[in-house]
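Thank you all for coming; I would like to take a few minutes to walk through one structure, going slowly enough that everyone can follow along on the screen. Please have a look at it first.

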Amino acid sequence: MPSRTRRLRGRSMEPVDRGAAPEEVAIAFDNVSKHYSLSLQKHATDFKTMLLHLPRFISNARRPFVALDSVSLQVRRGESLGIIGPNGSGKSTTLRVMSRITPPTSGTVTVRGRVSALLELGSGFHPQITGRENAVLNAVLLGLTLREARAVLPEIIAFSELGDFIDQPMRTYSSGMFFRLGFSVAVHVEPEILLIDEVLAVGDAEFQKKCMDHIHGLRRQGVTLVLVTHDMLSLPMFCDRGILIERGKITDEGTPQQVVHNYLSRVERLLSLRDEEREQLKLAQALP
Ligand SMILES: Nc1ncnc2c1ncn2[C@@H]1O[C@H](COP(=O)(O)OP(=O)(O)OP(=O)(O)O)[C@@H](O)[C@H]1O
Ligand SMILES: [Mg+2]
């Protein structure tokens with residue numbers, strides 16, 4: 001499968017060099033930012049409230065929101081990078097930018113190789129058509145030709161173990177069934193780069209084990225992996241390196257063990273602070 005390099009938006013710049021030759025780098029972010037525009041509208045948009053809040057409706061006030069703030073990173077070819085961080089910190093945004101689903105607002109993104117992404121559950125699937133039809137559609141969206149997608153379909157279906165349900169419309173699927181088909185398609189399109197966003201937990205124990213073994217197999221074949229997870233055990237299990245993203249910035253980077261340890265220690269400190277606050281409150285309430 002020929003390697004493909006794509007750049008998204010921004011000036012033509014080489015990725016930040018941290019010792020790796022450009023051809024060894026699968027993904028490079030150079031000062032990548034992603035801004036969203038948030039509505040300041042706080043009320044439901046029925047006619048009565050619209051009239052009550054007419055000036056705000058007319059101004060259509062919005063404020064900018066920085067989801068990713070000048071992020072620079074590199075993922076080497078064949079490397080496995082784990083990303084952790086609190087809810088809303090920018091992890092999924094990072095994967096969406098890597099997978100070209102969303103363009104960065106500024107900065108340069110370089111991706112070398114065929115990307116396969118397993119992002120939010122159900123993304124890329126149409127609820128009204130069957131699992132079988134969706135599998136072909138999804139494989140084509142991920143870069144296969146129609147002929148290639150049809151050729152690999154039996155393997156996708158067998159791996160998913162969906163049996164007769166493969167011919168049911170996907171609106172009838174459970175979360176785990178969505179995950180089964182999504183994972184099966186994502187790993188059967190010969191990815192050079194695999195992006196996975198916190199979905200493994202949806203599978204049952206047996207299927208999770210099968211997926212984990214498959215991910216280890218892909219890693220041995222040299223597939224580059226970027227894994228977003230809240231499961232702190234997954235990081236050392238699957239990743240060579242970890243990063244912590246908080247409020248759109250990388251705030252820690254190192255071995256998975258170090259990054260998880262630092263993050264959990266901070267969370268623990270925060271929780272113990274809250275305990276102290278609770279104790280102080282109890283003491284204050286006990287005062288006459
Ligand atoms: N399309 C959008 N429009 C406006 N804001 C968005 C959009 N997509 C994401 N955001 C905001 O960007 C921030 C980062 O979102 P993101 O999905 O990357 O978080 P996350 O780190 O993956 O969180 P989680 O752990 O909950 O999955 C959030 O505050 C989110 O509300
Ligand atoms: Mg997310």
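Before we look at the ligand, one definition is needed: a residue is counted as near a molecule if its C-beta atom, placed from the backbone, lies within 6 Å of that molecule. With that cut-off, ligand 1 is surrounded by residues including Tyr-36, Leu-38, Phe-65 and Ala-67, and the shell also holds Gly-85, Asn-87, Gly-88, Ser-89, Gly-90, Lys-91, Ser-92 and Thr-93. Strand S2, residues 25-39, strand S3, residues 62-76, and helix H3 each supply at least two residues of that shell, and the largest share, 3 residues, comes from H3.

I should say early on that what you see is a predicted model, and so a word about confidence is in order. The mean pLDDT of the protein is 87, and 85% of its residues reach 70 or more. Over residues 6-17, however, the pLDDT is below 50, although this stretch does have 29 contacts in the model beyond near neighbours in sequence.

Now for the overall picture. The protein has 288 residues, of which 36% are buried, and it contains 9 helices and 10 strands. If we take the contacts between residues at least 6 apart in sequence, 75% of them join residues that are at least 24 apart.

Let us move to the inside. In soluble globular proteins, nonpolar side chains tend to be buried together. Here the largest nonpolar core has 66 residues, and those with the most contacts inside it are Val-185, Ala-186, Leu-195, Val-226 and Ile-243. Helix H6, residues 175-187, gives the most to this core, with 8 residues. To take one of these core residues as an example, Ile-243 is in contact with Leu-73, Leu-81, Ile-83, Ile-250, Asp-252, Glu-253 and Val-259, once we leave aside its neighbours within four places in sequence.

Two of those partners, Leu-81 and Ile-83, bring us to strand S4, which covers residues 80-84. Is this strand enclosed or open? In S4, 5 of the 5 residues are buried, so the strand is largely enclosed by the rest of the structure. Ser-80, Gly-82 and Ile-84 point one way from S4, while Leu-81 and Ile-83 point the other way, and all are buried. S4 runs parallel to strand S8, residues 224-228, and 4 bridges join the two; here Ser-80 stands opposite Leu-225. S4 also pairs in the parallel sense with strand S9, residues 241-246, again over 4 bridges, and in that pairing Gly-82 has Gly-242 as its bridge partner.

Next, please turn to helix H4, residues 131-141, whose buried residues are Gly-131, Asn-134, Ala-135, Asn-138 and Ala-139. Why do they lie on the same side of H4? They cover an arc of only 130° around the axis, and this puts them on the same side of the helix. As a reminder, an α-helix has 3.6 residues a turn, so residues three or four places apart point the same way. What covers the buried residues of H4 includes helix H5, residues 146-160, and H6. Just after H4, Gly-143 takes a positive phi of about 120°.

That brings me to backbone angles, where the background is that most residues other than glycine have a negative phi. Arg-100 is not a glycine, yet its phi is positive, near 70°, and it lies in the loop between helix H3, residues 91-98, and strand S5, residues 106-112. With 13 C-beta neighbours inside 10 Å, Arg-100 counts as partly exposed. Arg-247 also has a positive phi, about 45°, although it is not a glycine; this residue lies in the loop between S9 and strand S10, residues 249-254, and counts as partly exposed because it has 14 C-beta neighbours inside 10 Å.

Finally, here are two pairs to find on your own screens. Gly-122, in the loop between strand S6, residues 115-118, and H4, is 59 residues from Leu-181 in sequence, and their C-alpha atoms are 9.3 Å apart in space. His-214, in helix H7, residues 205-220, is 27 residues from Val-187 along the chain, and the C-alpha atoms of these two are separated by 8.3 Å.

Notes:
Residues are numbered from 1 along each chain as its sequence is written. Chains are lettered from A and ligands numbered from 1 in the order in which they are written. This is a predicted model: local features need pLDDT of at least 70, side-chain atom pairs count only at pLDDT 80 or more; totals for chains, interfaces and linings use all residues. A nonpolar core is a set of buried Ala, Val, Leu, Ile, Met, Phe, Trp, Tyr and Cys residues joined through C-beta atoms within 7 Å. A residue is buried if 20 or more other C-beta atoms lie within 10 Å of its own, exposed if 12 or fewer, and partly exposed in between; C-beta atoms are placed from the backbone. Two residues are in contact if their C-beta atoms, placed from the backbone, lie within 7 Å. The arc is that of the directions from the helix axis to the C-beta atoms. pLDDT is the predictor's confidence in each residue, from 0 to 100. Two strands pair if DSSP finds at least two bridges between them.
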